[in-house]
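I opened this entry to keep track of what I looked up, element by element, while going through the model. My notes follow the order in which I turned to each part.

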Amino acid sequence: MTRADLALIGFGNVGSRFAELLEDRASRLAADHQLTCRIAGRATRRTGAEYEGQPCRDPFEMVQRLAASDADLRIVVETTTLDIRNGEPAIAHVRAAIEAGCHVVTANKGPVAFAYADLRDAAARAGVQFLFEGAVMDGVPIFNLVRETLPAVTILGFEGVINTTTNHIITSMEQGETFENALARMQADGIAEADPSLDVDGWDAAAKTAALANVLMGAQLTPHDVRRTGLDTNTGEAARAAIARGKRLKLVASARLAAGAVTCIVEPRELPAGHLLAGLDGAANALILETDVLQRIAICQLSGSLTQTAYALLSDIIAIARCPQTP
């Protein structure tokens with residue numbers, strides 16, 4: 001039986017749901033994966049940090065204590081809120097964990113959107129895993145899909161609807177609901193970002209777009225390199241006008257590789273009714289990958305919730321247990 005000690009940095013909606021899911025799936029983890037997990041430490045901005053019931057000065061001291069554990073696996077689970085300015089302090093948390101010899105799983109887009117190559121290389125040197133399946137499209141295995149099942153395939157581009165909140169808002173406004181009511185419902189469900197402007201202004205989608213481009217296409221971008229247009233006061237009228245023309249308005253994230261450079265865009269776009277992305281209602285998301293060998297591949301998520309994001313963290317932990325050393 002493999003024993004994993006975990007230290008959680010951030011314990012908001014996603015972190016607390018992850019802790020519940022970990023407890024709920026404990027017997028399944030033991031039976032199917034010979035894995036037991038123990039949450040040994042937690043750190044939040046509001047309550048501070050502690051490890052095995054003892055206070056720590058900060059998350060970095062907690063990580064050092066975790067690194068001294070005699071567990072088979074020592075894993076930092078990072079779920080702090082995205083800072084769209086520079087991805088901190090999440091990047092510092094991830095880097096400190098790697099340097100201490102701990103594996104890292106995160107649902108925070110910041111480290112992958114701002115510093116993927118640096119953190120990937122640091123993890124490889126340290127012989128630990130840095131995984132982030134929950135950073136884009138909740139629990140849908142986008143990064144695992146490409147890494148594990150598409151060997152020798154080049155991703156030439158992608159397009160998708162990858163922000164749940166804005167897709168829900170646009171769908172609701174098509175039916176005459178106000179922007180404010182639709183957003184309030186997503187906040188009540190814990191889906192909208194703590195700062196809703198990250199969703200509405202397109203920053204969340206831009207961060208996910210940069211993350212996808214960095215990991216899948218070898219780009220070295222940040223969200224600030226993504227050409228970005230979000231929703232505004234005219235979006236509801238534009239969405240209803242698109243419906244009247246037999247089309248649908250969606251906030252589309254896309255990337256294209258041309259002449260050795262990757263160009264990324266997030267913008268509201270009218271799509272033909274028959275387009276895969278046009279059929280996504282409410283909390284549904286989808287990503288279409290353009291490849292050199294398999295042409296176009298699509299993966300859809302017809303609903304999204306905190307449970308899916310929490311599951312992505314759990315699946316990354318299982319992946320580490322299967323292969324604790326960096327390939």
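I began with a pair of bridge partners, and I noted that Ala-286 is matched with Cys-300 in E13. I kept in mind throughout that the model I was reading is a predicted one.

Going from that pair to its strands, I found that E12 (residues 285-291) and E13 pair in the antiparallel sense, with 6 bridges between them. I then looked up the sheet, an open one of 6 strands with mixed pairing, whose order I wrote down as E9-E11-E10-E8-E12-E13. Its edge strands are E9 (227-228) and E13 (296-301), each of which pairs on one side only. I also checked what packs on this sheet, and found H10 touching E8, E9, E10 (247-258), E11 (261-272) and E12, with a direction at about 155° to that of E8.

Next I asked which residues of H6 and H10 meet. From H6 I listed Ile-142, Phe-143 and Val-146, and from H10 Ala-211, Leu-212, Val-215 and Leu-216. The residues of this contact are 7 nonpolar, with no polar and no charged ones. For the geometry, I recorded an angle of about 5° between H6 (residues 142-149) and H10 (residues 203-217), and a distance of 11 Å between their axes. Angles under 35 degrees count as roughly parallel, and H6 and H10 are therefore described as roughly parallel to each other.

I then turned to Glu-159, which lies in strand E8 (residues 155-161), and asked whether Glu-159 is buried or exposed. Its relative accessible area is 8%, and the limit for buried is under 20%, so I entered Glu-159 as buried. I looked for polar partners of its side chain and found the side chain of Arg-296 at 2.9 Å, as well as the side chain of His-275 at 3.4 Å. Leaving out residues up to four places away in sequence, I noted that Glu-159 touches, among others, Val-252, Ser-254, Arg-256, Arg-269, Leu-277, Ala-286 and Ile-288.

Last, I went to the strands that begin with E1 (residues 2-9), which pairs with E2 (residues 35-44) in the parallel sense over 8 bridges; within this pairing, Arg-3 has Thr-36 in E2 as its bridge partner. E2 also pairs with E3 (residues 48-51), here in the antiparallel sense and over 4 bridges, and I noted Gly-48 in E3 as the bridge partner of Thr-44. I closed the entry with the hairpin that E2 and E3 form, which has 3 residues between the two strands.

How values were computed
Residues are numbered from 1 along each chain as its sequence is written. This is a predicted model: local features need pLDDT of at least 70, side-chain atom pairs count only at pLDDT 80 or more; totals for chains, interfaces and linings use all residues. Side-chain values use heavy atoms; hydrogens and water are left out. Axes are lines fitted to C-alpha atoms, for helices over the stretch in contact, and angles run from 0 to 180 degrees between N-to-C directions. Angles under 35 degrees count as roughly parallel, over 145 as roughly antiparallel, 65 to 115 as roughly perpendicular and the rest as oblique. Contact means heavy atoms within 4.5 Å. Ala, Val, Leu, Ile, Met, Phe, Trp, Tyr, Cys and Pro count as nonpolar, Asp, Glu, Lys and Arg as charged, and the others, Gly among them, as polar. Buried means under 20% relative accessible area, exposed over 50%, partly exposed in between (1.4 Å probe, protein chains only). A polar contact is a pair of N or O atoms within 3.5 Å; within protein, one must be able to donate a hydrogen and the other to accept it, and residues adjacent in sequence count only if both atoms are side-chain atoms. Two strands pair if DSSP finds at least two bridges between them.
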